[in-house]
Amino acid sequence: MSCGRKYPPHPRLTRCPSCGGLLDVKVHPREPPSWRIWEQRKSGVWRYWELLPAISGVKPVTLGEGATPLVELERIGRMLGLKRLYAKNEGQNPTGSFKDRGMTVAVTLAKAIKARALIVASTGNTAASVSAYAARAGLRRIVVVPRRKTALGKLAQSVLYGADIVEIEGSFDAALKAVMTAVEEDPRLYPLNSFNPWRLEGQKTLAYEVAEALGGEPPDWVVVPVGNAGNISAIWKGFKELYRYGLITRLPRMAGVQAERAAPLARAWQKGLDEPLFVDKPETRATAIRIGHPVNWPKAMKAVKESNGVFTMVSDEEIMKAQAMLARLEGIAVEPASAASLAGLARLVEDGVIAPDETVVIVLTGHGLKDPQAMLEAGARRYIAGSPEEAVKIVLGLAES
Ligand SMILES: Cc1ncc(COP(=O)(O)O)c(C=O)c1O
Ligand SMILES: N[C@@H](CCOP(=O)(O)O)C(=O)O
């Protein structure tokens with residue numbers, strides 16, 4: 001992407017050998033893809049195999065990822081004055097986040113090339129996902145995560161899936177730097193962060209599912225929380241491919257949402273700059289997007305520009321309010337980073353960027369159970385009863401109120 005060089009495909013190519021920049025995968029299907037053929041297949045990421053990298057010699061390493069529900073948010077939609085608001089609930093993936101879409105593809109490739117060990121830097125979800133898929137593939141997994149800043153549910157997942165866990169003093173950005181250096185020093189390590197373009201191929205299938213669920217049309221807007229900026233880039237790629245093959249007749253606009261104190265892209269956007277205003281000490285309660293140097297920034301900037309979209313940012317307070325709204329008005333539990341989508345949407349509606357008659361899909365990237373502490377902070381109504389009699393009294397009082 002940076003120097004423009006092209007290479008024959010190989011799973012080991014995760015960054016440009018010439019300039020070190022990001023790579024983009026171009027898939028050339030033998031037959032043009034069609035909704036009719038896809039509909040006849042089992043749902044999930046691999047349903048779209050002709051637009052995914054061809055992998056020979058191994059079966060897909062899968063846990064049944066993808067095919068997540070597109071849920072209409074009627075009550076929140078009404079509150080925001082939107083006629084059609086949907087949530088793509090990625091928390092329903094096997095390890096509870098969108099990362100599984102990418103891991104099924106990239107871990108399959110890693111298995112095909114007999115990688116010695118898989119490695120990621122992570123705020124928690126990438127670590128959980130790679131750990132599960134590597135376990136399924138019988139491969140070693142090493143994860144580098146920020147010490148004391150990784151949500152409990154995610155850390156517990158990596159523990160249970162049997163990863164080697166390296167906890168680093170510092171942010172995700174420091175962890176990613178360490179991973180990149182380790183991979184340079186020992187190329188037998190296979191990196192699975194989102195600079196690996198093969199992983200993003202799996203993530204783009206979210207766009208196919210959204211368009212399919214909306215009857216072969218995209219929404220007007222797709223709102224996505226942005227951290228390392230891989231997902232927004234992958235989703236945009238997916239929509240562009242559908243458009244190229246005539247499966248949709250127009251493209252959506254992409255809105256990327258960041259947390260105010262970790263907003264290198266949104267702050268640059270606000271100032272009309274083409275490059276991020278990197279943040280050295282990012283902070284936010286939404287730990288999954290606590291990232292100051294997003295590796296995929298060139299792709300994400302391109303996605304938002306090409307789609308005539310926008311970046312915006314929201315405070316932690318708005319994020320936590322949105323998290324509670326999703327749970328209490330729609331019954332959907334998400335982790336704070338995912339709630340940034342809704343918080344960002346509310347801002348964009350208020351600012352008149354998104355209009356009432358537009359169809360909007362917000363991407364809910366990770367399950368609420370990932371971060372139990374954040375759930376417990378959601379203004380609990382808890383009552384202590386010292387005896388069954390007292391419990392009855394409290395319950396009856398509540399029923400009356
Ligand atoms: C739950 C959740 N939401 C959003 C993001 C941001 O996605 P990306 O890093 O692809 O921008 C992440 C981390 O990647 C995440 O774990
Ligand atoms: N939130 C992410 C951050 C790493 O992003 P990646 O997409 O580059 O792996 C995580 O869960 O670790």
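**Entry 1: the four-stranded sheet**

I started with an open sheet of 4 strands in this predicted model. I read its order as β5-β4-β3-β6, and the pairing is parallel. At the edges I found β5 and β6 (189–191), each of which pairs on one side only. From one strand to the next, I noted that the twist averages 25°.

Next I looked up how strand β3 (residues 117–121) is joined to β4. I found 5 bridges between them, and the two strands run parallel. If you want a place to look, try isoleucine 119, which stands opposite isoleucine 142 in β4.

Then I asked myself which helix lies across β3, β4, β5 and β6. My note says helix α6 (residues 172–185), running at about 150° to β3.

**Entry 2: helix α5 and its surroundings**

I turned to helix α5 (residues 152–160) and listed its buried residues: Gly153, Lys154, Leu155, Gln157 and Ser158. What covers these buried residues of α5? I found that the cover includes two elements from the sheet entry, β4 (140–146) and β5 (164–168). The helices α4 (125–137) and α14 (372–376) are also included in that cover.

I also stopped at glycine 162, just after α5, where I noted a positive phi of about 80°.

**Entry 3: strand β9**

I wanted to know how many residues of strand β9 (residues 310–314) are buried. I counted 5 of its 5 residues, and I wrote the strand down as mostly covered.

Which way do its residues point? I saw Val310, Thr312 and Val314 pointing one way from β9, while Phe311 and Met313 point the other way. I remembered the general rule here: in a regular strand the side chains alternate between the two faces of the sheet. Residues pointing either way from β9 are buried.

For the partner of β9, I looked at strand β8 (residues 253–259). I found these two pairing in the parallel sense over 5 bridges. One pair to click on is valine 257, which stands opposite threonine 312 in β9. That is the Thr312 I had just listed with Val310 and Val314.

**Entry 4: strand β10 and two partners**

I checked strand β10 (residues 359–364) in the same spirit. I found 5 of its 6 residues buried, so β10 is largely enclosed by the rest of the structure.

I then looked for strands that pair with β10. Strand β2 (residues 84–89) pairs with β10 in the parallel sense over 6 bridges, and I marked tyrosine 86 opposite valine 361 in β10. I found that strand β7 (residues 221–225) also runs parallel to β10, joined by 3 bridges. There I marked tryptophan 221, which stands opposite valine 360.

**Entry 5: two helices that cross**

I moved on to helix α9 (residues 230–244) and helix α11 (residues 297–306). Their axes come within 8 Å and cross at roughly 50°. I therefore wrote down α9 and α11 as oblique to each other. The crossing of α9 past α11 is left-handed.

Where do they meet? On the α9 side I noted Ile232, Ser233 and Trp236, which meet Lys299, Ala300 and Ala303 in α11.

**Entry 6: what the record says**

Last, I opened the unreviewed UniProt entry. Its annotation "domain: Tryptophan synthase beta chain-like PALP" covers residues 61–366. Over that stretch I noted 44% helix and 17% strand. The end C-alpha atoms of residues 61–366 are 21 Å apart.

Conventions. Residues are numbered from 1 along each chain as its sequence is written. Chains are lettered from A and ligands numbered from 1 in the order in which they are written. This is a predicted model: local features need pLDDT of at least 70, side-chain atom pairs count only at pLDDT 80 or more; totals for chains, interfaces and linings use all residues. A residue is buried if 20 or more other C-beta atoms lie within 10 Å of its own, exposed if 12 or fewer, and partly exposed in between; C-beta atoms are placed from the backbone. Two strands pair if DSSP finds at least two bridges between them. Two residues are in contact if their C-beta atoms, placed from the backbone, lie within 7 Å. UniProt positions are given in the numbering used here, feature names are shortened, and annotations may be inferred rather than shown by experiment. Axes are lines fitted to C-alpha atoms, for helices over the stretch in contact, and angles run from 0 to 180 degrees between N-to-C directions. Angles under 35 degrees count as roughly parallel, over 145 as roughly antiparallel, 65 to 115 as roughly perpendicular and the rest as oblique. A crossing is left-handed if the near helix is turned anticlockwise from the far one by less than a right angle, and right-handed if clockwise.
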